[in-house]
Amino acid sequence: FALFQTVRHGFPYLPTALAFDPVQKILAIGTRTGAIRILGRPGVDCYCQHESGAAVLQLQFLINEGALVSACADDALHLWNLRQKRPAILHSLKFNRERITYCHLPFQSKWLYVGTERGNTHIVNIESFILSGYVIMWNKAIELSTKTHPGPVVHLSDSPRDEGKLLIGYENGTIVFWDLRSKRADLRAYYDEAIHSVAWHHEGKQFMCSHSDGSLTLWNLKSPNRPFQTTIPHGKVQRDGKKPESCKPILKVEYKTCKNSEPFVIFSGGLSYDKPCRRPSLTIMHGKAITVLEMDHPIVDFLTLCETPYPNEFQEPYAVVVLLEKDLIVVDLTQSNFPIFENPYPIDIHESPVTCTEYFADCPPDLIPVLYSVGAKHKKQGYSNKEWPISGGAWNLGAQTYPEIIITGHADGSVKFWDASAITLQMLYKLKTSKVFEKQKVGEGKATAEIVEEDPFAVQMMYWCPESRIFCVAGVSAYVIVYKFSKHEVNTEIASLEVRLQCEVEDIITPEPETNPPFPDASSQLPSLKSLSGSTNTVAGEGTMKDSIPCLSVKARPVRMPPGYQADLVIQLVWVDGEPPQQITSLAVNSAYGLVAFGNCNGLAVVDFMQKTVLLSMGTLDLYGSSDPYQRQPRSPRKSRQFAADNFCMRGLSNFYPDLTKRIRTSYQSLTELSDSPVSLELERCKSPTSVKGSRKLSLPTDLKTDL
């Protein structure tokens with residue numbers, strides 16, 4: 001028996017690179033941890049890992065050949081074979097003296113061009129995966145035209161008209177058009193702003209550059225002295241006719257032509273500096289129309305998907321794949337409002353951080369369709385009506401399929417049910433547990449600050465019975481919610497219960513009794529008197545002690561609940577004597593008997609969720625005290641020492657016998673020593689109520705040997 005990883009779900013962690021095969025229609029994503037994720041049609045999902053763990057700088061498909069080149073931060077190139085079931089590295093090539101900055105592999109070419117930090121360009125034979133020996137040295141490329149080093153190579157591309165001509169872009173703004181056959185530069189162009197990317201017009205007569213001042217320059221090969229068009233798309237036009245204001249750098253630009261319409265110019269970055277709070281965005285320029293698509297996360301890379309893999313044909317772009325730090329978005333370019341495609345991959349698992357998971361196999365066969373039917377009603381509108389464009393690869397279910405469900409709990413209180421029967425995950429249903437509570441107003445967040453600083457609705461534990469469909473959630477703010485499944489919408493009030501679980505005063509370790517008295521204030525020298533008189537609900541106000549109030553407020557008004565899981569009961573632990581309730585650490589449910597049990601470091605509670613009543617609320621001291629049902633003692637103490645189990649809810653009683661229970665738990669011998677003087681213990685306790693400060697261990701005695 002051996003554990004074996006079958007599949008990875010979720011979004012690639014810290015993505016760095018993106019590549020697309022336009023013929024096979026598969027996508028590759030590289031990450032900072034050296035992983036590569038290959039995605040095709042829903043269900044086609046493959047994970048590979050570089051042994052070095054070095055970050056992936058760039059990925060290049062050998063288009064329609066089932067192979068992929070990766071360039072890593074440790075200056076190694078790798079050739080992956082994708083034709084086998086588990087992709088593997090065929091060849092590797094390590095650069096020792098130079099750092100790799102940019103790679104380019106032309107369509108149907110056997111030469112891979114590799115640019116370096118020193119400004120040199122090396123050429124690798126893709127079949128043998130060794131250096132050809134042909135190097136375009138930076139000083140030869142720029143000759144004596146400039147006296148300074150041009151910086152690293154930031155762009156390499158072959159001319160769409162002639163694959164024997166290579167366009168080299170250097171960081172400082174120098175562009176060189178190199179003839180590979182004659183080994184000399186056909187032209188050189190200079191611009192006084194740093195270059196970030198270059199894109200060709202399909203005819204090979206013009207190219208566009210993006211720069212660090214937010215400008216786009218369009219160059220003609222016939223007149224390389226200066227760009228024939230310069231624009232700052234998001235720059236404000238000055239009144240006196242001066243050059244528009246500089247903007248943020250345009251990190252990447254793509255220039256794609258259409259047969260029957262204006263070309264598309266798509267770029268990331270380039271926004272105005274005077275709007276610092278604007279989100280990362282992708283700009284699409286089509287003719288005179290400029291559309292800015294704001295993103296939820298920073299843009300790592302983007303690619304325009306075109307109808308043809310040939311660079312010298314009209315490109316006819318139909319979609320843009322945008323890789324964000326925490327998401328993957330595909331924009332439909334064929335519709336004027338640029339809607340996004342609905343993503344079929346389970347990439348939004350970490351939309352809110354996952355805080356707990358549960359896995360269920362061999363679920364009842366009707367469960368997945370039922371969950372999907374109620375979940376489908378919540379789907380968003382406004383997506384593109386076209387098919388997901390990343391549609392390559394093939395997969396089959398295999399013979400051994402059975403219904404599997406994964407449930408994820410999240411930091412924002414949401415719960416997601418996933419169909420895990422196939423290789424990929426499919427979202428079935430989403431539940432928002434925070435909807436049972438009132439929204440916290442600004443400034444009220446301090447109420448739960450003692451338990452959790454942020455995410456007061458984070459899901460900690462879940463229980464699910466697939467047969468009865470009872471679902472139970474324990475949240476970080478010391479509450480348990482019981483859900484029942486219904487196919488019908490209801491409008492009803494949510495029942496709630498409050499449970500008081502507390503730790504005895506003597507159980508609290510107080511290393512500095514002078515500065516931290518064990519009681520809240522000096523006047524309460526005999527806490528047992530207050531406890532015996534019953535608990536009083538004190539409203540937490542300014543300067544008053546919080547007691548018997550929960551951390552969150554359950555909605556008091558009738559709530560509309562759509563078909564699916566509907567809250568049946570909310571159980572909340574309450575504050576005790578100014579102390580917040582401790583987080584719930586265990587949860588168990590018996591759906592046949594209608595019972596839910598939960599506990600924390602202070603005790604245990606059992607609730608009947610059918611009758612909506614608390615059956616048991618027991619402190620930890622009582623659980624492990626003399627009334628512990630699991631203790632088997634050879635001779636039982638006198639009845640005077642056996643306090644009735646019915647009184648366990650009364651906090652004060654346990655104050656009268658802490659010494660007794662302590663000695664019982666310490667050893668069997670101490671039990672015999674106590675046989676004749678229970679009253680003297682109580683008298684001693686009354687004389688000095690603050691003298692008992694010993695810390696309590698919750699474990700059972702180790703030296704109590706009994707025959708069961």
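**Note on a predicted, strand-rich model**

1. Strands S40 (residues 595-600) and S41 are partners in the antiparallel sense, with six bridges between them. This is a predicted model, and the points below should be read with that in mind. Within the S40 and S41 pair, Gly599 has Leu604 of S41 as its bridge partner, and the hairpin that joins S40 to S41 passes through two residues.

2. Strand S41 spans residues 603-608 and is mostly covered, since five of its six residues are buried. S41 also pairs with strand S42 (residues 613-619), again through six bridges and again in the antiparallel sense. In that second pairing the bridge partner of Val607 is Val614 in S42. Four residues lie between S41 and S42 in the hairpin that they form, and one residue of the turn, Lys612, has a positive phi of about 60°. S41 therefore has a bridged partner in S40 and another in S42, and a reader tracing the chain can follow S40 into S41 by one hairpin and S41 into S42 by another.

3. For the protein as a whole, the count is seven helices and 42 strands. Of its 708 residues, 49% are counted as buried. The accessible surface comes to about 36000 Å², of which carbon and sulfur atoms supply 51%. Where contacts are made between residues at least 6 apart in sequence, 54% of them join residues at least 24 apart.

4. An open sheet is formed by four strands in the order S13-S14-S15-S16, with antiparallel pairing. Its edges are strand S13 (153-158) and strand S16 (184-190), each of which pairs on one side only. On average, neighbouring strands of this sheet are turned by 15° against each other, when direction is ignored. S13 is joined to strand S14 (residues 165-170) by five bridges, and the two run antiparallel; within this pair, His155 stands opposite Gly169 of S14.

5. Another open sheet has four strands in the order S21-S22-S23-S24, and here too the pairing is antiparallel. Strand S21 (250-256) and strand S24 (289-294) are its edge strands, each pairing on one side only. The twist from one strand to the next averages 15°. Inside this order, strand S22 (residues 264-269) and strand S23 (residues 281-286) run antiparallel and are joined by five bridges, and the bridge partner of Ile266 is Ile284 in S23. When inspecting side chains in either sheet, it helps to recall a general point: in a regular strand the side chains alternate between the two faces of the sheet.

6. How many disulfides does the count come to? With a disulfide requiring two cysteine sulfur atoms within 2.5 Å, the count comes to zero. Cys46 is in no disulfide, and the nearest cysteine sulfur, which belongs to Cys48, is 4.3 Å away. Cys46 has a relative accessibility of 18%, and because the limit for a buried residue is under 20%, Cys46 counts as buried. Cys247 is buried as well, with a relative accessible area of 2%.

7. Is His211 buried or exposed? His211 belongs to strand S18 (residues 206-211), and because its relative accessible area is 0%, this histidine is classed as buried. Its side chain reaches the backbone oxygen of Ala194 at a distance of 3.4 Å. Once neighbours within four places in sequence are left aside, the residues in contact with His211 are Tyr191, Glu193, Ala194, Ile195, His196, Thr217, Pro249 and Ile250. Ala194 thus appears both in this contact list and as the residue whose backbone oxygen is reached by the histidine side chain.

8. Val135 lies in strand S12 (residues 130-136) and is partly exposed, because its relative accessible area is 31%. Apart from neighbours within four places in sequence, Val135 is in contact with Asn120, Thr121 and His122. The C-alpha atom of Val135 is separated by 9.7 Å from that of Lys183, although the two residues are 48 residues apart along the chain.

Technical notes:
Residues are numbered from 1 along each chain as its sequence is written. This is a predicted model: local features need pLDDT of at least 70, side-chain atom pairs count only at pLDDT 80 or more; totals for chains, interfaces and linings use all residues. Side-chain values use heavy atoms; hydrogens and water are left out. Buried means under 20% relative accessible area, exposed over 50%, partly exposed in between (1.4 Å probe, protein chains only). Two strands pair if DSSP finds at least two bridges between them. Axes are lines fitted to C-alpha atoms, for helices over the stretch in contact, and angles run from 0 to 180 degrees between N-to-C directions. Contact means heavy atoms within 4.5 Å. Accessible areas come from the Shrake-Rupley method with a 1.4 Å probe; for residues, only the protein chains shown count as cover. A polar contact is a pair of N or O atoms within 3.5 Å; within protein, one must be able to donate a hydrogen and the other to accept it, and residues adjacent in sequence count only if both atoms are side-chain atoms.
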